[in-house]
Protein chains: 2
Amino acid sequence: MARKIAERSDIVPVLGEIFRERGFAGASLSEITQRTGLGKGSLYHFFPDGKEEMAKVVLDDVADWFETNVFVPLGTAEDPEVGIDHMFKATVSFFHSGRRVCLVGTFALDDTRDRFAEVIHAYFAAWTKALASALRRRGFGIKAARATAEDVVAGIQGALVLARSQDDPGVFTRAIKRLQARTKTAPAA
Amino acid sequence: MARKIAERSDIVPVLGEIFRERGFAGASLSEITQRTGLGKGSLYHFFPDGKEEMAKVVLDDVADWFETNVFVPLGTAEDPEVGIDHMFKATVSFFHSGRRVCLVGTFALDDTRDRFAEVIHAYFAAWTKALASALRRRGFGIKAARATAEDVVAGIQGALVLARSQDDPGVFTRAIKRLQARTKTAPAA
DNA sequence: TACAAAGTGTACTGCACGGTACAATGCTTT
DNA sequence: AAAGCATTGTACCGTGCAGTACACTTTGTA
């Protein structure tokens with residue numbers, strides 16, 4: 001039997017899209033076999049704990065991506081403004097300009113959260129923390145930095161919901177622009 | 001056999017909570033029978049089209065509630081500020097200060113959206129429109145009103161995601177306060 | 001070339017799912 | 001009180017589900 005994939009990680013992006021589209025409960029093994037092109041044998045070979053393990057791997061993959069491409073730059077960029085601008089750029093790109101939904105956000109809303117509570121918590125906590133620290137370095141007061149960071153992260157999530165509900169990615173890209181503007185100057189006390 | 005309920009509408013709130021907790025795909029008939037206390041016979045008597053009809057009725061119920069308790073006041077309040085403040089109050093109360101999730105938002109994220117696209121679209125469209133018109137009456141420019149309305153509605157949705165991810169309703173109530181503040185004065189052009 | 005490990009396909013299991021059928025029971029109306 | 005409709009419980013249906021078993025093939029290694 002011909003080998004289909006070299007590594008488990010090759011199919012993780014496909015799994016991600018399926019979970020994004022269907023949610024955890026709605027993602028069926030049959031759809032997963034079809035879209036990955038892998039039989040159940042292979043699937044359970046790579047993910048012995050089944051669907052739950054697949055979702056966990058996908059979540060970790062997303063978290064890693066953000067860690068590397070967003071959170072670290074936020075913290076290490078010489079100029080914090082560069083790091084923040086890069087965050088918005090990476091975010092827009094990751095979410096396909098609002099056409100793609102946030103997997104972590106999707107999982108956070110229903111009881112799927114309980115299965116993956118730690119990862120989900122850590123993801124948003126790391127994001128707000130990294131952004132707040134960059135804002136602080138930009139001259140924001142400690143409270144303003146915290147508040148603005150929460151507003152931005154929540155704003156991104158909400159914009160994804162809104163954009164999808166209106167079937168209009170423009171809702172997302174416009175919201176991003178306004179959120180980005182709010183990171184430029186600290187709000188008046 | 002003793003009659004359990006007088007009207008179909010009596011169990012709609014229970015159905016709402018189940019869909020909020022489990023999502024559409026995750027809400028099982030067996031859980032619905034248990035938590036409503038109704039057998040399948042009664043359930044299919046009241047909702048001949050099954051789960052899909054139940055969800056539809058719940059969505060319509062939510063939409064009606066917001067129409068009456070939020071959108072209409074936003075449009076009719078003598079003083080628009082009163083209408084807007086009332087919106088935030090009603091919102092906090094409806095979402096149990098961030099402990100309860102938005103059903104429409106939950107449905108919007110995964111493929112459940114496709115089943116109920118019109119209702120979901122209309123809900124958020126009506127909300128942003130009503131809020132924008134109130135902001136206009138408050139003296140916001142037409143673009144600022146539109147933008148702020150989108151920011152607020154998205155901000156609410158995002159705050160619900162964030163609050164749930166952190167298991168901390170405070171995230172929601174704090175976000176609401178900041179969003180409310182932003183409706184007080186039009187942003188600098 | 002032999003052998004073990006990794007990877008794959010297929011048939012299968014048991015179960016829970018959404019939904020149906022229908023008889024039994026209550027309620028309302030006359 | 002009789003009829004007729006609304007409501008309910010239960011048994012049942014076919015289907016698709018997640019997951020397992022296992023034989024088989026490919027690959028890496030020596």
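## A tour of chain A and its partner

In chain A, of the contacts between residues at least 6 apart in sequence, 64% join residues at least 24 apart. Keep in mind throughout that this is a predicted model.

**Start with the whole of chain A.** Select chain A and colour it by secondary structure: 10 helices and zero strands should appear, so that reading along the sequence gives the pattern α-α-α-α-α-α-α-α-α-α. If you turn the chain along its principal axes, its C-alpha atoms fill a box of roughly 65 × 35 × 30 Å. Of the 189 residues in chain A, 51% are buried.

**Next, show the surface of chain A.** The exposed area comes to about 8700 Å², and carbon and sulfur atoms supply 52% of it. When you colour the charged side chains, you will find 26 positive and 24 negative ones in chain A, with the centres of the two sets lying 4 Å apart.

**Now select Gln157(A).** This residue sits in helix α9, which covers residues 142-166 of chain A. Is Gln157(A) buried or exposed? With a relative accessible area of 4%, which is under the 20% limit, Gln157(A) counts as buried. Leaving aside residues up to four places away in sequence, Gln157(A) touches Cys102(A), Gly105(A), Phe124(A) and Trp127(A), and also Gly158(B) and Val161(B) from chain B.

**Follow those contacts into chain B.** Display both chains together: a rotation of 180°, with 0.0 Å of shift along its axis, superposes chain B on chain A with an RMSD of 0.0 Å. The two copies are therefore related as by a two-fold rotation axis. The same surface serves both copies, since 100% of the contact residues of chain B recur in chain A. Which residue of chain B comes closest to the rotation axis? Select Gly158(B), whose C-alpha lies 1.9 Å from the axis; Gly158(B) is also one of the residues touched by Gln157(A).

**Finish at the cysteines.** Return to Cys102(A), another of the residues that Gln157(A) touches, and then select Cys102(B) as well. Searching the whole structure finds zero disulfides over all chains. Cys102(A) is in no disulfide, and the nearest cysteine sulfur, that of Cys102(B), is 17 Å away. A disulfide would need the two sulfur atoms to be within 2.5 Å. Cys102(A) has a relative accessibility of 3% and therefore counts as buried, and Cys102(B) is likewise buried, with a relative accessible area of 3%.

Notes: Residues numbered from 1 in each chain as written. Chains lettered and ligands numbered in written order. Predicted model: local features only at pLDDT ≥ 70, side-chain atom pairs only at ≥ 80, totals over all residues. Heavy atoms only, no water. Helix = DSSP H or I, 4+ residues; strand = E, 2+ residues; numbered from the N terminus. Buried < 20%, exposed > 50% of the residue type's maximum accessible area, 1.4 Å probe, protein only. Contact = heavy atoms within 4.5 Å. Areas by Shrake-Rupley, 256 points an atom, 1.4 Å probe, with all protein chains shown as cover. Lys, Arg positive; Asp, Glu negative; His and termini not counted. Charge placed at Lys NZ, Arg CZ, Asp CG, Glu CD. Least-squares fit on C-alpha atoms with pLDDT ≥ 70 in both.
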